[in-house]
Amino acid sequence: MELLNHLQNKRNTAALDLIEKGTDFDIYRSKNSNTALHYASSNGFTEVVVRILEENTSIIDNQGQHGQTAVHRALQNGNTETFVSLVAYGANINVLDVKGQSCLDMVMKRKDLNLVKLLCYFGAEVALQDWILLSGDINALDKQDQVILKQILDQNDRLAAINHGSICYELRQIKPKDNIQYFSRLFVDMNTENITSSFFMYCAKESPEFTSSQNQKQDDEHFFSDVFEIIAWGSKPDFIDLDIKVEGDLETVISAQVSLSSDAKFTIVSKVVPEVFNVTNESLCIHPQMEKEAEIAIPEGAFDSAGQLQVNISETKAWNHEEYELVDPVLFTNAIDLTMLNHSQPLKPVKLTLPVHSSDQNNDDIIILMSDKEEPDENEWEICSNVDLHGKFITFDVNHLSVYIACSKQHTGKSKRQATNAIKKEVQVECFAMLKKESDGKLSLIIEYALKNRGKSRRKKWKDKGFCTMSVEYKDCVMKEGETYVIKLTENIQTDSLKPQDPFLTLNPRKFRTGNYRSFHLINDTSESPLEGEVHIEKRHEIISQLPQQPHESSGTNTETHIKQEEVGVALDDHQCTIPVLRKTSLNRITASLTIEECYQLGTNLHVIKNKIEQLETDGQLKEILKTWRSARPNEKLVHNLSGALKEMDKEDMANNVEEAFENNTEYPD
């Protein structure tokens, strides 16, 4: 009772002293049924809460007055760090009080944005029937309510992702000089050498589809990893050092120093950067880092003047293997692209040696395909001869710097087709959907794009988890690395998603072990009517490259269905932009209406990287901020981002002009 008395009277130090001497935590309750943990949580005594739970976690979800748990009490009093400590020690955040009110209900009513977000991050459940009101116009709400409701709208999708592994997180108490591997489930190691006191840290790893990273990535960048989010509470250090293991054919470890001064969210992206070598008229032997066993032997006098040789490699191995099937490969090496930046060609043959994927190729079946196109079509390949095979290496002479690849003479047509796919970063994919009836009677649906040589093993993994294949086990298709596809469900297949937009998924071939997939909870009652329908996978948007005289309909391509979309005229100097309001000339009109300070703010609102904004400011080019922000091939999502950024600056009229121009398929008005 003495501990209860200290906590009821908010005597933190006295309570800690008593705990150090040893006391029972679960025997005594106050007259209103509250425990010491309830009072410590109400008062925000995080250290007391931790000390109690270090001794005994069995009382963590005990319900006291009004059926409230310690979590309810911490949230009721806005004690964020105390709430986090309870969750870190395993508290259930979905317990209802005697009024049937959840923790999420409580903080929603208080409009506490931070606590709403944290509850959602930690897996708070959303009762669908309580949120029918969300079908109204969200834009009519004030800014604070919009943010809260968006978090709620996302939550059912997030819960499905958490349940099936697309989102993984750990919330841990970090202790000084501790040798524990805190976030090993996320393949993240943390160096604890600079940690001098305990604090709490949330680390999450999630697929880019659940974040805004899609809109911040440049067109020539690809996701190298999932998106990581770090949040810390308490006596945290200024920064932490993380080693992140990234999935792929070879294990890659990326070291990152992350500031804890504010919430951090980051991903690792990659881009193809060709290697460049200085070449003179002297002999030179080059071993590219991208293909270390390859050799480019340039003889003396091959070039009459100095220049730079650009080398690029395209991987082809993924096209050579079909899982558990004996299929003869037709691509024997990776493709190599050789270009002199001054456009000169060698006066003497350059000897090129490439490693073969396996050493059992027949010399009589090897041909060299060559093309002078950067991304050749099937009919743009030529056949070269004079090939020497020595063990696991192929050697041949190059008289013209171009794209080269060794492949099968017996299957020339297939070789040309697959070489074209490989250079365009396209891969063979099996698309499939699988269902599972959960223990609570609910249905779970997963939709995955698996690399062709991993499809069977990926379906086996889901079968081991209780999922069943559909009447059509999978569909073969070809997808481009980094391309995004929309998922549409037809007929009576209904998910518990509250979001009005169709879900999407981006293909990342590096994730061949964990998979490229989306998971859903279905709300169908199969006892009343059987589940019927199809899964359609469509390209998220089409880029129109033609210059039509007048708008007309054109068919796009997709894996299962037929897309139709309107073509629009494009500007000669901005031919990849098919949205008039986002053309460079249109963006110039927008920034012309803003001051330099407003251009700076607009860039910040649009999440342009800070050093890019500062560089534009230094160069006196802040009026170019929108052209810096806009990708080369913009989609309609950017229109809404631009409108929202202007509204944040109270530029309602300009935002309305942007939206109206988009609706009317015109540029921003003069």
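These legends accompany a set of close-up views of a predicted model.

**View 1. The aromatic cluster around Tyr169 and Tyr202.**
Phe83, Tyr121, Phe122, Tyr169 and Tyr202 come together here as one aromatic cluster. The model has a count of 11 aromatic pairs. One of them joins Tyr169 and Tyr202, whose ring centres are 5.6 Å apart and whose planes are at 35 degrees, making the pair tilted. Tyr169 belongs to strand β1 (residues 167-174) and Tyr202 to strand β3 (residues 199-206), so this contact links distant parts of the chain, 33 residues apart. Is Tyr202 buried or exposed? Its relative accessibility is 0%, and because buried means under 20%, Tyr202 counts as buried.

**View 2. An open sheet of four strands.**
Staying with β1 and β3, this view takes in the sheet as a whole. Its four strands follow the order β1-β3-β4-β7, and their pairing is antiparallel. The sheet is open: β1 and β7 (264-271) stand at the edges with a single partner strand each, so one side of each has no neighbour in the sheet. From one strand to the next, the twist averages 15 degrees. If you follow strand β4 (residues 221-234), you will find seven bridges joining β4 to the antiparallel β7. Here you can also pick out Glu221, which stands opposite Lys271 in β7.

**View 3. A network of charged side chains.**
Salt bridges link Glu20, Arg51, Glu54, Glu55 and Lys175 in a network. For the model, the count of salt bridges comes to 27. The next three views each show one salt-bridged pair.

**View 4. Lys392 and Glu293, a salt bridge between two loops.**
The closest N and O atoms of Lys392 and Glu293 are 3.0 Å apart in this salt bridge. Lys392 sits in the loop between β16 (388-390) and β17 (393-398), while Glu293 sits in the loop between β9 (284-286) and β10 (295-298); the pair links distant parts of the chain, 99 residues apart. How accessible are the two partners? Lys392 is partly exposed, at a relative accessible area of 41%, and Glu293 is partly exposed too, at 42%.

**View 5. Asp377 and Lys424, a salt bridge with one buried partner.**
Asp377 and Lys424 meet through their side chains in a salt bridge, 2.9 Å from N to O. Asp377 comes from the loop between β14 (366-371) and β15 (382-384), and Lys424 from the loop between α11 (412-423) and β19 (426-437), so the salt bridge ties together parts 47 residues apart in sequence. Which partner is buried, and which is partly exposed? Asp377 counts as partly exposed, with 35% relative accessibility, whereas Lys424 is buried, with a relative accessible area of 18%.

**View 6. The salt bridge of Lys627 and Glu624.**
Here Lys627 and Glu624 form a salt bridge, with 2.9 Å between the closest N and O atoms. Lys627 counts as partly exposed at 28% relative accessibility, and Glu624 counts as partly exposed at 26%.

**View 7. Charged ends over aromatic rings.**
Two charge-over-ring contacts are shown. In one, the charged end of Arg459 sits over the ring of Phe432, at 5.2 Å from the ring centre. In the other, Lys465 places its charged end over the ring of Trp462, at 4.9 Å from the centre.

**View 8. Two annotated ANK repeats.**
An unreviewed UniProt entry places the feature "repeat: ANK" at residues 32-65 and 66-98. In the model, residues 32-65 are 53% helix and 0% strand, and the end C-alpha atoms of this span lie 5 Å apart. Residues 66-98 are 48% helix and 0% strand, with 6 Å between the end C-alpha atoms.

**View 9. Positive phi at Lys111 and Phe187.**
Which backbone angle picks out Lys111? Lys111 has a positive phi, near 55 degrees, although the residue is other than glycine. Look for Lys111 in the loop between α7 (103-110) and α8 (113-121), where this residue counts as partly exposed at 33% relative accessibility. Phe187, not a glycine either, has a positive phi of about 60 degrees. Phe187 is found in the loop between β1 and β2 (188-191), and its relative accessible area of 44% makes it partly exposed.

Conventions: Residues numbered from 1 in each chain as written. Predicted model: local features only at pLDDT ≥ 70, side-chain atom pairs only at ≥ 80, totals over all residues. Heavy atoms only, no water. Phe/Tyr/Trp six-rings, centres within 6.5 Å; stacked < 30°, edge-to-face > 60°. Buried < 20%, exposed > 50% of the residue type's maximum accessible area, 1.4 Å probe, protein only. Lys NZ or Arg CZ within 6 Å of the ring centre and 35° of its normal. Salt bridge = Lys/Arg side-chain N within 4 Å of Asp/Glu carboxyl O. UniProt positions renumbered as here; feature names shortened; annotations may be inferred. Pairing = 2+ DSSP bridges. Axes fitted to C-alpha atoms, helices over the stretch in contact; angles between N-to-C directions.
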